[in-house]
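Thanks, everyone; I would like to take a few minutes to go through one model, starting with how two of its helices pack. Please have the sequence and the structure open while I talk.

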Amino acid sequence: MIFRLLPKVVLVFSGLLSAAWSSAAIDLNAATVKRLDNGMTVILLEDSNFPLVSVQMIYKVGARNETIGLTGLAHFVEHMAFRGSENFPGTGLVSNSYARGGEWHGYTWTDLTTYFATMPANDLDLLLRIEADRMSRLEFSDDIVEVERGAVLAEMHMYENEPSSMLIDALMFVSFVAHPYRNNTNGFESDIESVTYEDVSDFYEQHYHPGNAVLAVVGDFDQVATLARINELFGEIDGRPATPLPHTAEPVQAGERRVRVTGSIDERQVSIGYRAPSSNNPDFPVFLVLQALLGGSSGASFLQNDWGTPVGAE
């Protein structure tokens, strides 16, 4: 799945919260952040209002980590990560969640790939075992790559029928002339048609490891016992340095750039993009407010989701 809304770090974490939590206040300041010896970051937030637990695993890898000729690989690997693994063969990574009444999903974007699921609290161990297998024991084969190639291409063509999606892709491509933020998360069709088993396997081996991972657990669980179990499941996986950020610096933009996308639709859309500060810049909160004012969004309040629905008590 391609996530078509620009993700913000603080909102990614709030995305862990299921709809059931929308009527209960959650104190994000109560979250505990730990770092395992192998480099994996763990965020734990206990909340016993409902007998549920949500688990989200974020890998800091996305379209920015791809090269010409191998575009779309991060998204392709995401599709493969819902197939089978050593301890969950076949479709076990998803069928086991369905069998316990859980919900799951995942998406790929420019900076990250993420997987998340919500289940009854007593199934937390299952969710942790699934993510441990997803990190280090996925099973690839030529046959599965061929099956997912068709699924990825079908999703790509689906977005081609959305004018706003095509406009955003064109805007990003013309906005950046050097930095890989210009990469389309879907990739180019010819690249997807040519991707091999070795390409997918190599990308997985290179980027799916503790140094690139952030695991968040929210819900009704015991923090001490859960951290011990996380150490048991993930601590044995060898640690490596995180994938380096792209070193290419975007040249200074000397003037306005425009792109026009035409198609057989009976409507017109306009999109305008401006350079913005990074999320760790002190001006970023001010930018969010300004973006909300200029763009007419539902609001920049972190107490709301993107549709303006409160996620906690005022």
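Let me begin with helix α4 and helix α9, the latter covering residues 223-234, whose axes come within 10 Å and cross at roughly 30°; the axes are lines fitted to C-alpha atoms, for helices over the stretch in contact, with angles running from 0 to 180 degrees between N-to-C directions. That angle makes α4 roughly parallel to α9, since angles under 35 degrees count as roughly parallel, over 145 as roughly antiparallel, 65 to 115 as roughly perpendicular and the rest as oblique. Helices here are DSSP runs of H or I with at least four residues, numbered from the N terminus.

Before going further, I should say that this is a predicted model, in which local features need pLDDT of at least 70 and side-chain atom pairs count only at pLDDT 80 or more, while totals for chains, interfaces and linings use all residues. Residues are numbered from 1 along each chain as its sequence is written, and side-chain values use heavy atoms, with hydrogens and water left out.

Which residues of α4 meet α9? On the α4 side they are Leu124, Asp125, Leu128, Arg129, Glu131, Ala132 and Met135, and they meet Thr226, Arg229, Ile230, Leu233 and Phe234 in α9, where contact means heavy atoms within 4.5 Å. By class, this contact has seven nonpolar, one polar and four charged residues, with Ala, Val, Leu, Ile, Met, Phe, Trp, Tyr, Cys and Pro counted as nonpolar, Asp, Glu, Lys and Arg as charged, and the others, Gly among them, as polar.

On to another partner of α4: helix α3, residues 92-99, packs with α4 at an angle of about 170°, with their axes 11 Å apart, and that makes α3 roughly antiparallel to α4. Here Leu93, Asn96 and Ser97 in α3 meet Leu126, Leu127, Ile130 and Arg134 in α4.

Turning to the interior, the largest nonpolar core has 51 residues, of which Met40, Leu215, Val217, Ile230 and Phe234 touch the most other members; such a core is a set of buried Ala, Val, Leu, Ile, Met, Phe, Trp, Tyr and Cys residues joined through side-chain atoms within 4.5 Å, and buried means under 20% relative accessible area with a 1.4 Å probe and protein chains only. Its largest share, seven residues, comes from α4, residues 124-136.

Finally, His179, in the loop between α6 and α7, is buried, with a relative accessible area of 13%, and touches Pro246, Thr248 and Glu250, not counting residues up to four places away in sequence.

Terms used
Buried means under 20% relative accessible area, exposed over 50%, partly exposed in between (1.4 Å probe, protein chains only). Helices (H or I, at least four residues) and strands (E, at least two) are DSSP runs, numbered from the N terminus.
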